[in-house]
Amino acid sequence: MCGIVGYVGNGSSVEVLLGGLKRLEYRGYDSAGIAVLDPRGELAVRKHAGKLGILVDELDAVPLSDGPTGIGHTRWATHGGPTDANAHPHLGDDGRLALIHNGIIENFAELREALLAEHPDTVFTSETDTEVAAHLVGNAYRASGDLTEALREVVQTLHGAFTLLVMHKDLPGVVVGARRNSPLVIGLGEGENFLGSDVAAFIEHTRNAMAIGQDQIVTITPDTVTVIDFDGNPVAPEAFTVEWDASAADKGGWSSFMAKEVTEGPDAIANTLLGRVVDGEVRVPELEVLDDELATIERIVLIGCGTAAYSGLLGKYAIERWARVPVEVELSHEFRYRDPVLNDRTLVVSISQSGETMDTLMAVKYATAEGARTVSICNTQGATIARESDAVVYTHAGPEIAVASTKAFHAQVTALYLLGLHLARVRGTLAADEAAELIAELSGLPEKLASVLEAHDSIRELAHWMTDARSVLFLGRHVGYPIALEGALKLKELAYIHAEGFAAGELKHGPIALIEPGQPVFVIVPSPRAEDSLHAKVVSNIQEIRARGARVLAIAEQGDAAVLPYADVVIPIPLATTMFEPLLAITPLHLFAMELASAKGLDVDQPRNLAKSVTVE
Ligand code: F6R
């Protein structure tokens, strides 16, 4: 939530900042703003409610005199609505200092009261929690004349989560940043340096990056980068090279990032498997440091939010089946607040595309404090959750820009399956030939998934017929159940249609009362040929809803004759072992939600009220 970019160097800061904000807009799009030091040494600020495009148009119409120092912000509103006044940057030191913020300053009201008691003439122009920090840093700078020290002094008084960037009129070529529980990375250029909420902010300019740790402060000039902790001790930041380049974060000719990312599902699976299957065995090198513990753990808890939590539900089926360890799945925000029983025989596995979701980060910290071992499944290099965990298994889905998670889901489920197979090998719970068959089938899934994408045109047509739907239900059983939940989430999120996913077996315990003539119901039908198939039971469920007038939209194995007589529409998927069916069945539902939203004229990349990276609780 909220994207942040900072620049010092020799180029046009307006261009760099707007380019960075464009790539960060997925983090929030309620308002956008920039501050730059112009050639006369004046601090110029432009900010606007609404999407970045409004600010860009304004800057095109009335350009700013540019200079090589600046900060930029794209907002997801927390304190104060999405108005021009609440947009960042905010000003301190009588308009000589500009500050931007991602996160929430929980004690802003007390700080504001104390500030007004000491400086009653302070003028607040917004309803944000951020503005108080701008005034505090401004006052501290006025007293000490040292911007880094001023920021260090102020962050000691802040409670909550924050990334802050500041610049001052007196200091051309200097931007200072601080972070606690919110992301911030450094980009290293030639005679120019960058700060960003994530590497997308500067990927057009450099792939050389450094991660800033928890409770650290960074000062950049065009030629130097200095990092200290909140106590003032020097810190050597960890350098890394970004694995992808700017083209990976472009639409590449697609109508939306989501359209592009859905089609990247097969690559997300293949790249996540890469280097982790050796001589027909699953070996996840990042997990090997924990192998002794993995052999003896008594319980696994998978935590995540939204789509990531649904991938966890699939992980539970696979890990319990293959590695015979009890697995629980819990939403990160529920887990942390219910005093869960944890010990050093519990493995807590967090799942997060961004690696910055605050609820999940806090749950990981809680688990560590309670003595559990932690592994993160994460798609973003150097992300906070990855750094807070004992081990990290990176998913290699590439950058996911659309707010709705699609290819990351495929990569997360693949990583969980790898975890299950790795655990099964370490614990000796799966016969070698059975493991080999699973691994071979998993490796062939990208090709099968590519064939599912061929149904895109017919799914678009289906979506166009259904633009008037007011409610859509989703039914699935066993591994089809998480798919029903995920399909419903996407439809709510993108098309703003009421949607609910149910376990098909639960139907008779209540939800069947919702069925009335014409009610559209997606049903995820297991393969009739897969082992232990629940096909017959799901076909009975279809008959039950059909008898009550439901419009049945089945996702079923190609050629499943038992479904044909009862389904209004069948979307075929190739045959797969039960455990792998969900990776094929979800894509038609992702496409359906996307196409229905597009047919309604909605923005599929940036649905209302949402942001990609939920960095506040
Ligand atoms: C839904 C969606 C969200 C995220 C959730 C977790 O399409 O994108 O439900 O899955 O906010 O985000 P990460 O994976 O970044 O922790």
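Biologist: What makes the pair formed by the ligand and the side chain of Glu493 a polar contact?

Modeller: An oxygen atom of the ligand is 2.7 Å from a side-chain N or O atom of Glu493, and a polar contact is a pair of N or O atoms within 3.5 Å (within protein, one must be able to donate a hydrogen and the other to accept it, and residues adjacent in sequence count only if both atoms are side-chain atoms), so this pair qualifies. This is a predicted model, in which local features need pLDDT of at least 70 and side-chain atom pairs pLDDT 80 or more, while totals for chains, interfaces and linings use all residues. Residues are numbered from 1 along each chain as its sequence is written, and side-chain values use heavy atoms, leaving out hydrogens and water.

Biologist: Which distances place Thr357 and Lys490 beside a ligand oxygen?

Modeller: The distance is 2.4 Å for a side-chain N or O atom of Thr357, and 2.8 Å for a polar side-chain atom of Lys490.

Biologist: Why are α3 and α4 called oblique?

Modeller: The axes of α3 (residues 108–118) and α4 (residues 130–144), lines fitted to C-alpha atoms over the stretch in contact, with angles from 0 to 180 degrees between N-to-C directions, cross at roughly 45°. Angles under 35 degrees count as roughly parallel, over 145 as roughly antiparallel and 65 to 115 as roughly perpendicular, so the pair falls in the remainder, oblique.

Biologist: What makes the phi of Asp93 worth noting?

Modeller: Phi of Asp93 is near 45°, a positive value in a residue other than glycine, whereas most such residues have a negative phi.

Methods:
Helix = DSSP H or I, 4+ residues; strand = E, 2+ residues; numbered from the N terminus.
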